[in-house]
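This report considers a charged surface patch, a group of aromatic side chains and two residues with notable backbone angles.

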Amino acid sequence: MICYNCGSVLTNSDYCSHCGMNVSVYKRIVKLSNTYYNAGLTKARNRDLSGAADTLRRSVKLNKRNIDARNLLGLVYFEMGETVQAFSEWVMSTNIQPDNNPADRYLTAIQQEKSKVDELNRTIKKFNVALNYAKHDTDDMAIIQLKKVLNQNPKLVKASQLLCLLYMKQGQYERAKRTIKKSLKVDKCNPLSIRYLREINEYVENERKNDPETGIERRRNLRGVLVDREYLSGNDVITPNNNFKEAVAGAQGILHVIIGLLIGAALVYFIVMPARTSKVTEEKNEQAVEYKREIAIKDSTYDSLESEYNALKTDYDKLTDEKGDADQHEKTVSDNYKYLLSAIQYYLNGNDDKSAEQLEKINTSDGMDMDNFKAVYDKLTNELSSKMSQNAYDAGFEAYGDKDYETAIRQFKKCLEIDKDNDDAIYYMAWAYKNMDDSKNAKKYFKKIADDFPDSEHADVARTQANDEE
C-alpha cells in the first residue's frame, strides 16, 4: 500500500514514514475497498453478475484507484451485454494506470474485431428503440426489435427482461418463462429476473388449479391495473369526507404560504440542484469516454481503408490509361471500380446508407478476380452487411405495401442472401408469392417458417397457410 499524499510505501504505522501524513483512515478505506472487491469476485465466479456489479461499484467508489475492481467491473458489464459501460470502466482504468494494465489487452482485443463491436453497439441502439416502442404501447414492434437484439447479443439481460415483460403483458406466459430462464443462465441471481419468474410460476400454478378469479387479479396486477378500486356508475354520488377541515384564512394563511415557498426554495437549492448538476456532469463524462472510443476505432479503420483506396485508385488510373475505350466487359469492370471507390468515400465520411447503395450497384460477375478489388469489396461488404440487409428488407416491404410483388420478392431474396435467418423477409415473401397465385413457392416459404423458425411470431400463421396450400 502506498501513501496517497507522497506515493511512498506505507508501513504498519498509522503515519507515513516519509511525509508524516496520518493514513489510518486511508488504510481502513483501502482495506474495505479490497473486501468489496473480494466479495464481488466471489459473486462473479458464481455468475451472480448483478450482485457482483453492485459490490464492485461500492469498491471503486471507496477507492477509485482499485484497478483490479474496476477491470473486473468492466468484465462483468461486458458479460451482461452492457458494452458501453464496460468500455467506460476500462478506459478510466487505463487513464489511472497506463502501464501494465490488463484493460489495455481487453480494449486492443475488442478493437481488432471492429465488426463485432459495431454489432454490439447497434444492439444497444435497437434496445433503446424497442424501449421507446414499449413506452408508447407499440408492443408488437418492440417484441420484433428485442428478438433481433437477442439474436445478435443474447447476453443482454435488460433486453431479455423487457421481452419477458411484454410477453407477460400479452398473456404469453410460456414464452415469457423461456425468455427469462435464458437471462438467468447469464445472471443467475438477478433480482428482477427472479421476481418475473416467480410471478410467472404463480400465475401458471393458479391457472393449473382452475382459479379464474385469482388469475384475472394477477393478470391485472401484471398490467398495472388496480384491482382493489371500486368502480362507480353514472348515478353514484361522491360524498365528501366528514373530517375535512377548513383552510386557515387571513394573515395566518398567507404566512403559511410564504413559509412553504421558502422551504421549497431551500430544498431546490440545497438538494435538487446539486443532484442535477452531478447527474449532468456524469452524463457528459460518459459521453466523452464514448466519443473517444469511437474516434479511436474510426481512426484505425480510416487509415486502413485510405491506403487500400489509394491502391485501388492507382489500379483504376492504370486500367484507364492502358485500355482507353474498352468493350462491354471492360466497361463493367471500370464501373465496378467507380462504385467501389464511391462506396469507400461515403463510408469514410460516415454515410453508411450511401456506401451500401454504391456496393449494391457492383456487378459481381465481372472484375472480382482482381486481388485488391475482391479484398476491399469483401471487407466493406462485411462491414455494411447489416445495413445492406436492412435496406433490401425495407425496399421489399415498401414494394409489398405498394402491391409490386415481383420487386418485393427480388428485394427479399437480396436480403436473405445476406441474412438467411430473417424470418420476417421469408414470411412476407411467401405472402407475395401467394398474392401472385404462385401456390407452389408460397407453400415452400410458409413451410420453411413453420419448420425452421418454430419460435417465430409468424409460425402459427405460416403453418396454417402451408396446410391450406396442400
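## Lys 182 and the positive patch

In this predicted model, Lys 182 is located in helix H9, which covers residues 173-186. Lys 182 is classed as exposed because its relative accessibility is 56%, and the cut-off for exposed is over 50%. Together with Arg 178, Lys 181 and Lys 185, Lys 182 forms a positive patch on the surface.

## Aromatic contacts

The whole structure contains 14 aromatic pairs. One of them joins Trp 431 and Phe 446 in an edge-to-face arrangement, with 5.4 Å from centre to centre and 85° between the planes. This pair connects distant parts of the chain: Trp 431 belongs to helix H17 (residues 423-435) and Phe 446 to helix H18 (residues 439-452), and the two are 15 residues apart.

Both Trp 431 and Phe 446 are buried. They are also members of one aromatic cluster, which further includes Tyr 393, Phe 397, Tyr 400, Tyr 405, Phe 412, Tyr 427 and Tyr 428.

## Positive phi angles in loops

Lys 403 is not a glycine, yet its phi is positive, at about 65°. The residue is placed in the loop that runs between helix H15 (371-401) and helix H16 (405-418). With a relative accessible area of 64%, Lys 403 is exposed.

Asp 437, likewise not a glycine, has a positive phi of about 65°. Its position is the loop between H17 and H18, the helices that carry Trp 431 and Phe 446. Asp 437 counts as exposed because its relative accessibility is 71%.

Definitions and conventions:
Residues numbered from 1 in each chain as written. Predicted model: local features only at pLDDT ≥ 70, side-chain atom pairs only at ≥ 80, totals over all residues. Heavy atoms only, no water. Patch = residues over 30% accessible without salt bridge, like charges linked within 9 Å, V, L, I, M, F, W, Y side chains within 5 Å. Areas by Shrake-Rupley, 256 points an atom, 1.4 Å probe, with all protein chains shown as cover. Salt bridge = Lys/Arg side-chain N within 4 Å of Asp/Glu carboxyl O. Lys, Arg positive; Asp, Glu negative; His and termini not counted. Charge placed at Lys NZ, Arg CZ, Asp CG, Glu CD. Helix = DSSP H or I, 4+ residues; strand = E, 2+ residues; numbered from the N terminus. Buried < 20%, exposed > 50% of the residue type's maximum accessible area, 1.4 Å probe, protein only. Phe/Tyr/Trp six-rings, centres within 6.5 Å; stacked < 30°, edge-to-face > 60°.
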